[in-house]
Amino acid sequence: MISKEIENKLAGGSLIRKMFDEGTRLKKIYGEDKVFDFSIGNPDLEPPKEVKDAIRELADADIPGMHGYMANAGYPETRKAIADQLSKESGLSIGIESICMSCGAASGMNNLLRSIMDPDDEIILLAPFFLEYLNYISNVKAKPVIVNTDPDTFLPVLSEIEKAITPKTKAIIINSPNNPSGAIYPESVLKELNALLLKQDHVIHVISDEPYKDLAYDGMTVPSTLSCFDNLIVCFSWSKSLSLPGERIGYTCVSPKHADFSQLTAAIVLCNRILGSVNAPAFFQRVVAKALTAKVDVANYERRRNLLYSIITEAGFTCTKPQGALYIFMKTPIEDNAFCEVCAKYNVLVVPGSAFKREGYVRLAFCVSEKTILGSKDAFESIAKELGLKK
Ligand SMILES: Cc1ncc(COP(=O)(O)O)c(C=O)c1O
């Protein structure tokens, strides 16, 4: 017998996975080039040359003990290089103690939630959000409190956040550039949110989930959260910035301004061990340290965003142009699950907004080939026609 909770989760399944499986089924029937699968956010660019060079160099290096256990926080050299880079970006003086290497942002967040949340503590989530947060939160038996962002800009609405705060609120998760909306939170909004949180009579941790930090378009820069918040913990990964999701490499960084700095940094390192990661992958800790300034070809993603945005808006659909990340969050003219079914009739696969706790929208991942994007034009026009958006 398995646990009741996991039994329920298994029965629920993942909507994104379901769409992915439907895509595989349709491709078998109609052929790869007749199915337009925008369901999965798997970064499809190759890692940059600096990463591949570092991999080759390190594979030949034969450093004694390089595959052995290490301190649970990770290699001091890698942590130092990251701390220096973040100090430069934020203007703060960030030391190696702030950094704990993790198995991607997912593991960093689990380490952090285990460190700070007691059962029944509340954590604020801004919808739409990455649904895995709910699993991470249920791992620590805490309670999610969902607050909607603005329906057009997808920016946090501070008055709504203020209403959701209770004496049990322990943390808030922010994610900018955002999955699924692509919104980038401006510095002014981050600073106002910080002021609101500092006004409360207990510490509220700000968890900034930043795997899309390096994917910003139209020359935009993503404001440094470290320079905007006090009680902040950044969860970063190179899954998207360097196209390394399978290598499971990232870090958490506790702000030196955090009220619980010493205890919290120690707790995260302990949780990295007791949750079973023990330490982040040794080889890739060395690789990322050598490729810290490298980035995937962001212009390539931007081109594909522009292409897909033009196709859907010209077909008559409404959406806010995403400023970053890998997704367009488009308004649906009918209920979102029903809309996905209409799309599937035309071999177009998208994920309903309900999968991100925001109904009335669908998410389209544009990290697919230009051929797929261009090929979907007729299908989107037919969908718009069927739903009466176009004559
Ligand atoms: C918003 C968000 N947070 C976290 C993750 C997990 O990333 P990682 O591969 O670094 O664990 C993802 C992955 O898609 C994501 O979209």
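Among contacts between residues at least 6 apart in sequence, 75% join residues at least 24 apart. This holds for a predicted model, in which the protein has 14 helices and twelve strands. Its radius of gyration is 21 Å, close to the 21 Å that the globule rule gives for 391 residues, so the protein is as compact as a globular protein of that length. Taken along the principal axes, a box of roughly 65 × 55 × 55 Å holds the C-alpha atoms.

Next comes the division between inside and surface. Of the 391 residues, 52% are buried, where buried means under 20% relative accessible area. The protein exposes about 17,000 Å², and carbon and sulfur atoms supply 53% of that area.

Some of the interior is organised into nonpolar cores. The largest nonpolar core has 58 residues, and those with the most contacts inside it are I124, I161, L193, W238 and Y251. Helix 8, which spans residues 187-198, gives the most to this core, with four residues. Where does this core lie with respect to domain 1 and domain 2? Domain 1 covers 4-47 + 296-386 and domain 2 covers 49-290; both give residues to the core, so it lies between them.

W238 can serve as a point of entry to this core. Leaving aside residues up to four places away in sequence, W238 touches I82, M101, S243, L244, I249, G250, Y251, V288 and L292. Y251, one of these partners, is itself listed with W238 among the residues with the most contacts inside the core.

Another core, of 37 residues, lies apart from the largest one; C319, C343, L364 and A384 are among its members.

Conventions
Residues numbered from 1 in each chain as written. Predicted model: local features only at pLDDT ≥ 70, side-chain atom pairs only at ≥ 80, totals over all residues. Heavy atoms only, no water. Core = buried A, V, L, I, M, F, W, Y, C linked by side-chain atoms within 4.5 Å. Buried < 20%, exposed > 50% of the residue type's maximum accessible area, 1.4 Å probe, protein only. Helix = DSSP H or I, 4+ residues; strand = E, 2+ residues; numbered from the N terminus. Domains from an automatic or database assignment. Contact = heavy atoms within 4.5 Å. Rg over C-alpha atoms; globule rule 2.2 N^0.38 Å. Areas by Shrake-Rupley, 256 points an atom, 1.4 Å probe, with all protein chains shown as cover.
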